Amino acid sequence: MSGEDAPAQEQNAVDQKQETKPAEEPKPEPPKTESAPDAAEAAATPAAAAATAEGKAAEEEEEAFAYRALVLTGYGGYDKVKLQVKKGRPALKADDVLVRVKACGLNFADLMARQGLYDRLPSPPFTPGMECSGLVEAVGEEVTDRKVGDKVMVLNRFGLWQEVAVVPASHTFLIPEGMGFEEAAALPVNYITAYMMLFDFGNLRPNQSVLVHAAAGGVGIAATQLCKTVKDVTVFGTASASKHETIGEGGVTHPIDYRTKDYVEEVRKISPKGLDIILDPLGGSDTHKAYNLLKPMGKLITYGTSNMLAGQKKNLLAVAKNWYHQFSIHTLSLIQGNKSVCGFHLGYLDGEMELITQVMNTVLDLYKQGKVKPRIDSTWHLEQVGDAMRKMQERNNIGKVILTTEPMPEEEKKEEPKKEDKKDDKKKDDKKKEDKKKDDGKKEEKKDDKKKEEPKKEEKKEEEKKEEVKKEEK
């Protein structure tokens with residue numbers, strides 16, 4: 001066999017083997033391995049689940065976050081301010097802080113706002129309140145000068161009569177050591193107002209004289225205390241007679257009972273030439289009186305129109321009367337009289353927080369020196385806001401009226417309906433007395449009518465007798 005045939009034979013042998021070889025069973029497929037993206041997705045699944053759970057927890061916490069707030073539901077009486085529950089954590093801007101409110105101040109402007117007589121406020125429903133104090137609970141990303149836990153007092157146009165408030169950090173001021181939350185809530189509006197009027201406008205100096213209306217109110221007491229920081233300043237203060245002892249002890253040199261005496265005449269008796277500075281929160285005809293009571297180089301600072309407020313609801317007659325007697329003057333009269341007239345409204349200075357902060361720092365320095373100290377008249381729970389407003393509107397307070405966010409004890413809540421019942425009983429008694437008076441009046445009228453009729457009957461009898469005599473003569 002040649003060498004050329006050998007490969008052919010071998011090939012034939014291979015072919016035979018291939019023909020007789022049994023069919024091979026299919027090999028099992030190796031297990032599939034996940035690609036890189038699939039593996040990453042699987043690894044991310046636990047993290048995503050955790051994030052989702054955290055998100056849900058945050059949402060639940062957000063939904064569970066609730067706080068009480070006083071809301072002005074419409075213009076009118078004391079019952080228009082209602083206590084409601086708000087849900088959801090308020091959102092913070094970068095320069096905001098969230099404050100857990102402890103105490104709120106009540107101001108005369110809040111009473112006017114309830115009747116729709118105070119501008120620069122939104123339409124109802126909204127939460128009133130221009131000042132409060134509390135603890136910082138959260139800060140915005142860009143806030144650097146406040147931290148969680150800081151005790152602060154807050155000044156804002158509205159929105160502070162609630163348990164939680166969000167405000168710009170620049171509207172907060174650190175509470176000094178030793179000052180409580182109630183004192184802190186009593187300070188901003190009254191003392192900033194009094195200070196700026198007396199010193200920025202009034203340029204108060206030693207040996208001058210000042211008239212302070214409503215001297216037993218928040219601004220009145222603040223102004224009196226600030227006057228005492230200047231040597232030999234004479235303070236005339238108007239208030240009802242029952243408050244004279246208190247305001248006298250507080251620094252008022254000459255208390256005047258505006259209810260029984262003409263304050264202009266009383267001032268003239270002591271200071272015939274007039275006064276250097278007059279703070280006028282009344283408006284209307286009283287502003288005319290104030291201007292005429294100024295001595296040459298005197299300053300009238302008007303900062304309110306409380307004469308408009310008469311009763312629980314808006315009194316259109318009082319409003320019209322106030323506007324009818326609104327003070328206006330020609331510049332030539334100012335020049336010839338050597339007098340000045342200024343107007344002050346803290347609500348329009350919310351864009352001047354640097355100026356307000358300077359004033360606040362000065363006032364706080366005076367507080368630390370013991371020269372000024374807010375006087376608290378009374379503290380009320382949020383549930384009692386109607387009674388608090390009534391006390392202030394009826395001029396029964398001496399000092400600041402405060403609202404506390406501390407929940408009202410259950411015992412006091414039970415007593416409230418009893419008080420209301422007593423009030424209702426008193427109203428019923430008063431009504432009965434009025435009805436009795438009316439009945440008595442009607443009885444008296446009937447008696448008078450009867451008395452008037454008796455002479456007529458006598459006259460009639462006399463005439464009848466005369467007629468009979470005439471008939472007999474005939």
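## A six-stranded sheet and its helices

Let's start with the sheet: six strands line up in the order β10-β9-β8-β11-β12-β13, forming an open sheet with parallel pairing. Strands β10 (254-256) and β13 (340-343) are at the edges and have a single partner strand each, so one side of each has no neighbour in the sheet. From one strand to the next, the twist averages 15 degrees. Keep in mind as you explore that this is a predicted model.

Look at one of the edges now. Strand β9 (residues 234-238) and β10 run parallel and are joined by three bridges. Which residue of β10 is the bridge partner of Thr238? It is Ile256.

### Helices on the sheet

Helix α8 (residues 263-270) packs on the sheet, where it touches β8 (209-212), β9, β10 and β11 (275-280). Another helix to find is α9 (residues 285-292), which lies across β11, β12 (294-302) and β13. The table gives the direction of each helix against a strand.

| Helix | Strand | Angle |
|---|---|---|
| α8 (residues 263-270) | β10 | about 160 degrees |
| α9 (residues 285-292) | β12 (294-302) | about 150 degrees |

### Two helices that cross

Next, turn to helix α5 (residues 188-201) and helix α6 (residues 218-227). Their axes come within 8 Å and cross at roughly 50 degrees. Angles from 35 to 65 degrees fall in the oblique range, and α5 and α6 are therefore oblique to each other. The crossing of α5 past α6 is right-handed.

Which residues meet here? From α5 come Asn190, Tyr191, Thr193, Ala194, Tyr195, Met197, Leu198 and Phe199, and they meet Gly218, Val219, Ala222, Ala223, Gln225, Leu226 and Cys227 of α6. Sorted by class, this contact of α5 with α6 holds 11 nonpolar residues, four polar ones and no charged ones.

### A mostly covered helix

Is helix α13 (residues 385-393) mostly covered or mostly open? Mostly covered, as seven of its nine residues are buried. Those buried residues of α13 are Val385, Gly386, Asp387, Ala388, Met389, Met392 and Gln393. Just after α13 you will find Arg395, with a positive phi of about 60 degrees.

### The whole protein

Finally, step back to view the protein as a whole. Its secondary structure comes to 14 helices and 15 strands. Of its 474 residues, 40% are buried. Among contacts between residues at least 6 apart in sequence, 69% join residues at least 24 apart.

Terms used:
Residues numbered from 1 in each chain as written. Predicted model: local features only at pLDDT ≥ 70, side-chain atom pairs only at ≥ 80, totals over all residues. Heavy atoms only, no water. Buried < 20%, exposed > 50% of the residue type's maximum accessible area, 1.4 Å probe, protein only. Helix = DSSP H or I, 4+ residues; strand = E, 2+ residues; numbered from the N terminus. Pairing = 2+ DSSP bridges. Axes fitted to C-alpha atoms, helices over the stretch in contact; angles between N-to-C directions. Contact = heavy atoms within 4.5 Å. Parallel < 35°, antiparallel > 145°, perpendicular 65-115°, else oblique. Left-handed = near helix turned anticlockwise from the far one by under 90°. Nonpolar A, V, L, I, M, F, W, Y, C, P; charged D, E, K, R; others polar.
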